[in-house]
Amino acid sequence: MYQLKKLGLVTAVSSAAIFAFSSVSAQSSADLVATALNHSDRPAEESADDGRRMPLEVLSFAGIEAGMAVLELEAGGGWYTEVLSRTVGGSGVVVMQNPPAFEGFTGDADDDRAASLPNVTLSTTNFDALEPGDASMDLVTWILGPHELWFMPGGESLGDAGKSFEEIARVLKPGGRFLAVDHHATADAGPEVGGSLHRIGEGVITDYAEDAGLRLVRSSNMHINPEDPMDNGATDPSIRGKTSKFVLLFEK
Ligand SMILES: C[S@@+](CC[C@H](N)C(=O)[O-])C[C@H]1O[C@@H](n2cnc3c(N)ncnc32)[C@H](O)[C@@H]1O
């Protein structure tokens with residue numbers, strides 16, 4: 001709790017839930033992530049993005065711990081994978097997932113990342129056909145990606161939205177957590193802006209997660225940018241890298 005306050009992270013959804021998220025695990029989460037971020041093998045160009053991307057705050061918010069099994073949805077080239085891998089350590093595992101249709105975007109970057117980290121395996125599937133077994137994961141992360149459920153590269157779906165959230169709930173252990181981070185859309189935008197603007201409404205994601213049986217534990221305003229009009233593309237040069245984003249934590 002102390003560490004969370006110190007980091008200025010939290011908009012409380014449930015004070016009881018925050019209390020249950022003990023000071024011991026929050027403190028150790030921040031220490032573990034800080035050590036991972038400072039690892040000497042970390043590429044300097046990736047560390048250079050820490051101020052903007054705030055991985056210390058994001059992963060502390062999620063309550064990551066050593067030894068966890070983590071499924072990282074839409075890992076891309078693995079910027080977060082490297083940090084997750086070193087945070088969970090040798091007694092933990094990370095499954096880095098990308099949909100097959102992203103092969104042209106990621107190239108060899110995801111394969112190379114997985115090969116360089118002993119506790120990481122690469123899983124190439126759509127979001128509605130996840131590889132991990134039932135109740136096998138402590139934490140599922142989906143950072144800058146849930147909107148892709150409405151993105152159709154080459155006209156192909158990356159996964160049915162309802163089924164994808166059911167899959168997240170399926171692979172989580174009871175009490176396991178789901179971290180969702182994405183670019184805010186305007187309050188009146190429908191889910192189709194996921195495919196056009198690469199943004200999504202926070203309420204859309206909360207509704208799908210709750211329909212799949214997950215409970216919203218808390219949210220953070222750490223990535224809010226009041227200057228973001230939220231009605232342009234998330235990669236528009238005027239806003240790229242500075243979008244307003246929601247950060248949500250659910251529990252099974
Ligand atoms: C938004 S990133 C998020 C990756 C990871 N979760 C993170 O936070 O670093 C999504 C990944 O999908 C791929 N991608 C999806 N759509 C893309 C597009 N229109 N242009 C380029 N790359 C795209 C890229 O490989 C990119 O790394």
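**Group meeting: helices, core and ligand shell**

Let me start with helix 9. Its buried residues are covered by elements that include helix 7, strand 3 (93-98), helix 8 and strand 4. Before going on, please keep in mind that this is a predicted model.

Which residues of helix 9 are buried? Helix 9 covers residues 109-116, and Asp 110, Arg 113 and Ala 114 are the buried ones. Looking down the axis of helix 9, these buried residues fall within an arc of 95°, so they line one face of the helix.

Ala 114 leads on to strand 4. Leaving out residues up to four places away in sequence, Thr 121 touches Val 95 and Ala 114. Thr 121 sits in strand 4, which spans residues 120-124. Is Thr 121 buried or partly exposed? Thr 121 has 13 C-beta neighbours inside 10 Å, and therefore counts as partly exposed; the cut-off for buried is 20 or more. Asp 111 is ten residues from Thr 121 along the chain, and their C-alpha atoms are separated by 8.8 Å.

Now the overall figures. The protein has 252 residues, of which buried residues make up 44%. It contains twelve helices and eight strands. Taking the contacts with a separation of 6 or more, 74% are between residues 24 or more positions apart.

On confidence, the mean pLDDT of the protein is 91, and 89% of the residues reach 70 or more. Where does pLDDT stay under 50? That is residues 1-27, for which the model has 40 contacts beyond four places in sequence.

Next, the core. The largest nonpolar core has 62 residues, and the members that touch the most others are Val 70, Val 140 and Phe 178. Take Val 140 as the example. Setting aside neighbours within four places in sequence, Val 140 is in contact with Leu 71, Leu 73, Ile 168, Val 171, Leu 172 and Phe 178.

Two of those partners, Ile 168 and Val 171, bring us to helix 10, as both are among its buried residues. The full set in helix 10 is Ala 161, Ser 164, Phe 165, Glu 167, Ile 168 and Val 171. They cover an arc of only 150° around the axis, which puts them on the same side of helix 10. What do they pack against? The answer is strand 2, strand 5 (137-143), strand 6 and helix 12.

So on to helix 12, residues 202-211. Here the buried residues are Val 204, Ile 205, Tyr 208 and Ala 209. Around the axis they take up an arc of only 125°, which places them on the same side of helix 12. Their cover includes helix 10 (161-171), strand 6 (172-183) and strand 8 (245-251). Just after helix 12 comes Gly 213, with a positive phi of about 100°.

A little further along is Leu 216, in strand 7 (residues 215-220). Leu 216 counts as partly exposed because it has 18 C-beta neighbours inside 10 Å, where 20 or more would make a residue buried. Leu 249 is 33 residues from Leu 216 along the chain, yet their C-alpha atoms are separated by 6.0 Å.

Now for positive phi outside glycine. Met 54 has a phi near 55°. Met 54 is in the loop between helix 5 (50-53) and helix 6 (55-61). Is Met 54 buried or exposed? With 20 C-beta neighbours inside 10 Å, Met 54 counts as buried.

Glu 74 also has a positive phi, about 50°, although it is not a glycine. Glu 74 lies in the loop between strand 2 (69-73) and helix 7. Glu 74 counts as buried because it has 20 C-beta neighbours inside 10 Å.

Glu 74 takes us to the last topic, the ligand. Which residues surround the ligand? They are Glu 74, Ala 75, Gly 76, Gly 77, Trp 79, Tyr 80, Phe 102, Phe 105, Thr 106, Ile 143, Leu 144 and Gly 145. By class, this shell has seven nonpolar, four polar and one charged residues. Helix 7 (79-88) and helix 8 (103-106) each supply at least two residues of the shell. Those two helices take us back to the start, since both are among the elements covering the buried residues of helix 9.

How values were computed:
Residues numbered from 1 in each chain as written. Predicted model: local features only at pLDDT ≥ 70, side-chain atom pairs only at ≥ 80, totals over all residues. Near = placed C-beta within 6 Å. Helix = DSSP H or I, 4+ residues; strand = E, 2+ residues; numbered from the N terminus. Nonpolar A, V, L, I, M, F, W, Y, C, P; charged D, E, K, R; others polar. Buried ≥ 20, exposed ≤ 12 C-beta atoms within 10 Å, placed from the backbone. Contact = placed C-beta atoms within 7 Å. pLDDT = per-residue confidence, 0-100. Core = buried A, V, L, I, M, F, W, Y, C linked by C-beta atoms within 7 Å. Arc of directions from axis to C-beta.
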